[in-house]
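Me: I should like a close look at one part of this protein, followed by a connected account of other parts.

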Amino acid sequence: MNKIYDAVVIGGGAAGMAAALELNTEGFSCAIIEREDHLGGILMQCIHNGFGLHEFKEELTGPEFAERFIEQVNKNNISVYLNTTVIRFNPAEDSAEKEIFCISPAGVMKITCRAVLLAMGCRERNRGNIRIPGARPAGVYTAGLAQRLVNIEGYIPGKEIAVIGSGDIGLIMARRLSWVGCKVKAVVEIMPYPAGLTRNIVQCLNDFDIPLYLSSQTTNIFGNDRVEGIEITPMENGLLVPEKKFRINCDTVLLSVGLVPENELSRSAGIQLNSVTNGPLTDSNLMTNMEGVFACGNVLHVHDLVDWVCEESRRAGCYAAGWLRGERPSLQISAKAGFHVRYVNPARIAPDKENTVYMRSMVVQNDAVLEVCLDGQVIHSKKERFVQPSEMISFKLGPKDFEGKKFNSSSVLEFNIK
């Protein structure tokens with residue numbers, strides 16, 4: 001079976017739907033490929049509120065937020081392939097046509113298109129990624145899996161819970177499990193500051209008197225058949241202090257130790273990835289090193305809010321539509337992370353248009369100053385009341401910042417926090 005479209009969006013979460021809707025609005029035929037049996041992605045298991053304040057100017061739950069987009073997709077001429085997994089993607093850089101091979105309920109399917117938008121989202125890091133010693137007892141879950149068990153399947157994973165890592169999903173699950181009668185005994189964070197948003201620290205931990213152990217490492221998980229407890233070792237000046245280690249008894253461990261963009265497909269297709277974010281390297285049009293292949297949402301870099309995912313993905317859809325019309329980027333300048341900056345997206349900036357730039361701080365700091373330097377000369381400066389690694393920084397960089405400045409294709413923009 002062979003299908004032909006102007007563009008194909010891989011992933012049917014918020015990013016994929018927002019990008020597809022933009023392409024449809026621009027008048028191009030579009031298909032969404034989604035491996036689950038529903039659109040909406042991870043939002044469908046996020047039954048807590050706090051979504052949509054920027055996108056819809058009201059507070060929604062995850063499923064409510066997703067339903068707004070699903071309704072729009074269903075009302076428009078967008079083909080949706082559910083329970084369909086992309087097994088191979090041929091960018092065909094030397095050809096106008098790209099081939100996507102999928103496994104669907106109807107069998108093997110080939111889709112031919114001119115533009116591809118990557119919107120596969122991200123996945124959770126697991127115990128193997130952080131190498132916690134100990135046996136392999138039952139009762140160790142990622143926070144997202146526990147969220148699905150509780151909110152979708154209706155199962156409670158345990159009674160006494162310890163959360164390793166202070167990512168937002170872990171914080172939200174600490175609150176959720178407290179609501180259903182579990183005792184959350186600790187949240188353990190290896191860094192000296194929380195990894196989640198400040199509002200989640202307040203609403204999910206402080207409001208429920210759940211202890212947060214900062215600068216502490218989980219150095220053992222006890223139990224053979226079932227989790228019996230964890231060992232926590234405090235850290236001082238970046239080093240473990242074994243004489244201060246202690247044990248917390250629990251029957252369940254949730255891992256909330258970070259998210260990783262889902263980019264195996266991108267890697268196998270030859271798309272260049274950012275070694276820091278593990279997402280594709282993109283230019284100012286969110287296009288990868290492969291002509292006509294764009295990336296947006298959490299597959300590009302992990303966002304704080306789904307509202308920002310949708311905003312970025314609409315721009316990706318708009319840029320893809322422009323590329324389909326024959327528009328090509330003009331001169332672009334390389335962007336790199338400088339002092340106290342973990343990463344900058346996109347990797348290339350176009351001086352002749354307004355660019356939305358995303359970056360993350362490596363430090364917790366009050367009254368910070370963000371500086372953008374062009375070949376060593378400051379061209380943009382912005383005060384930030386407070387910065388921390390868990391909260392993404394976003395700002396505009398446009399033609400006014402480059403007015404009167406000399407630059408060429410070998411110029412470099414450096415982003416610093418002071």
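Which backbone atom lies 3.1 Å from a polar atom of the side chain of Thr288? Please describe the setting of Thr288 as well.

Reply: In this predicted model, the atom in question is the backbone nitrogen of Met290, at 3.1 Å from a polar side-chain atom of Thr288. Thr288 belongs to the loop that connects helix H7 (264–268) with strand S22 (293–295). Its relative accessibility is 6%, so Thr288 counts as buried, the cut-off being under 20%. Beyond its neighbours within four places in sequence, Thr288 is in contact with Ile271, Pro280, Leu281 and Thr282, and also with Val293, Phe294 and Ala295.

A second buried residue is Ile70, with a relative accessible area of 12%. Ile70 is part of helix H2 (residues 62–75). Setting aside residues up to four places away in sequence, Ile70 touches Met17, Leu39 and Gly40. For Leu39, which is 31 residues from Ile70 along the chain, the C-alpha separation from Ile70 is 6.8 Å.

Turning to the sheet, five strands form an open arrangement in the order S12-S20-S13-S14-S15, with parallel pairing. Strands S12 (140–142) and S15 (212–213) stand at the edges; each has a single partner strand, so one side of each lacks a neighbour in the sheet. S12 runs parallel to strand S20 (residues 252–255), and three bridges join the two. Within this pair, Tyr141 is placed opposite Leu254 of S20. Helix H4 (residues 143–153) lies across both S12 and S20, and its direction is at about 90° to S12.

Conventions: Residues are numbered from 1 along each chain as its sequence is written. This is a predicted model: local features need pLDDT of at least 70, side-chain atom pairs count only at pLDDT 80 or more; totals for chains, interfaces and linings use all residues. Side-chain values use heavy atoms; hydrogens and water are left out. Helices (H or I, at least four residues) and strands (E, at least two) are DSSP runs, numbered from the N terminus. Buried means under 20% relative accessible area, exposed over 50%, partly exposed in between (1.4 Å probe, protein chains only). Contact means heavy atoms within 4.5 Å. Two strands pair if DSSP finds at least two bridges between them. Axes are lines fitted to C-alpha atoms, for helices over the stretch in contact, and angles run from 0 to 180 degrees between N-to-C directions. A polar contact is a pair of N or O atoms within 3.5 Å; within protein, one must be able to donate a hydrogen and the other to accept it, and residues adjacent in sequence count only if both atoms are side-chain atoms.
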